[in-house]
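Student: I've got a model open and I'd like to go through it with you. Can we start with the term we'll lean on most?

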Amino acid sequence: MTKAELGLIGDAELVEELSQLTTQTARMRARMADIMAELERRRCAKTARPGARR
């Protein structure tokens, strides 16, 4: 969206768009945190396995 197009949109629509983008960003950050935690869990599990075998 260009600055010219933004100038044609009303305040309410801009606020709604911003709200949606903020919500999407929060969801993406939460998903990223979940993925990073899972990768860390797997990395730690791989490191712990060799020592656990006897």
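Tutor: Sure. A salt bridge here is a side-chain nitrogen of Lys or Arg within 4 Å of a carboxyl oxygen of Asp or Glu. Keep in mind that this is a predicted model.

Student: Okay, which residues are linked in a network of salt bridges?

Tutor: Take the pairs one by one. Arg-41 and Glu-38 meet through their side chains, N to O at 2.6 Å. Glu-38 also forms a salt bridge with Arg-42, with the closest N and O atoms 2.8 Å apart. Put those together and the network is Glu-38, Arg-41 and Arg-42.

Student: By about how much of the helix are Arg-41 and Glu-38 separated?

Tutor: Both sit in helix H2, which covers residues 11–52, and they are three residues apart there. Glu-38 and Arg-42 are four residues apart in H2, and that spacing also comes to about one helical turn. For Arg-41 and Glu-38, the three-residue spacing means a separation of about one helical turn.

Student: How does Glu-38 count: buried, partly exposed or exposed?

Tutor: Its partners give some context: Arg-41 has 48% relative accessibility and counts as partly exposed, and Arg-42, at 47%, is partly exposed too. Buried would need under 20% and exposed over 50%. Glu-38 has a relative accessible area of 27%, so the label is partly exposed.

Student: Which residue does Arg-43 meet in a salt bridge?

Tutor: The partner lies three residues away in H2, about one helical turn. At 37% relative accessibility the partner counts as partly exposed, and Arg-43 does as well, at 47%. The side chains meet at 2.6 Å, N to O, and the partner is Glu-40.

Student: How many salt bridges does the structure hold?

Tutor: In general, side chains of opposite charge can pair when their charged atoms come close. Here we've met Arg-41 with Glu-38, Glu-38 with Arg-42, and Arg-43 with Glu-40. The count for the structure is three.

Student: Let's switch to the other end of the chain. Where is Met-1 found?

Tutor: Met-1 is exposed, with a relative accessible area of 67%. Leaving out residues up to four places away in sequence, Met-1 touches Leu-6 and Ile-9. Helix H1 runs over 3–8, and Met-1 is found in the segment before H1.

Student: How far apart in space are Met-1 and Arg-27?

Tutor: In sequence, the two are 26 residues apart. Going C-alpha to C-alpha, the distance between Met-1 and Arg-27 is 22 Å.

Student: Which residues make the nonpolar surface patch?

Tutor: A residue needs over 30% relative accessible area to join a patch, and Met-1 has 67%. The patch covers about 290 Å². Its members are Met-1, Leu-6 and Leu-14.

Student: Now the whole chain. What is its radius of gyration?

Tutor: The protein chain has two helices and zero strands. The globule rule gives 10 Å for 54 residues, and this chain is well over that, so it is more spread out than a compact globule. Along its principal axes, the C-alpha trace spans about 70 × 20 × 5 Å. The radius of gyration is 22 Å.

Student: What share of the residues is buried?

Tutor: The chain exposes about 5,300 Å², with carbon and sulfur atoms supplying 59% of that area. To count as buried, a residue has to be under 20% relative accessible area. Out of the 54 residues in the chain, the buried share is 0%.

Methods:
Residues are numbered from 1 along each chain as its sequence is written. This is a predicted model: local features need pLDDT of at least 70, side-chain atom pairs count only at pLDDT 80 or more; totals for chains, interfaces and linings use all residues. Side-chain values use heavy atoms; hydrogens and water are left out. Patches are made of residues with over 30% relative accessible area and no salt bridge: like charges are joined within 9 Å, nonpolar side chains (Val, Leu, Ile, Met, Phe, Trp, Tyr) within 5 Å. Accessible areas come from the Shrake-Rupley method with a 1.4 Å probe; for residues, only the protein chains shown count as cover. Buried means under 20% relative accessible area, exposed over 50%, partly exposed in between (1.4 Å probe, protein chains only). Contact means heavy atoms within 4.5 Å. The radius of gyration is taken over C-alpha atoms; the globule rule is 2.2 Å times the number of residues to the power 0.38.
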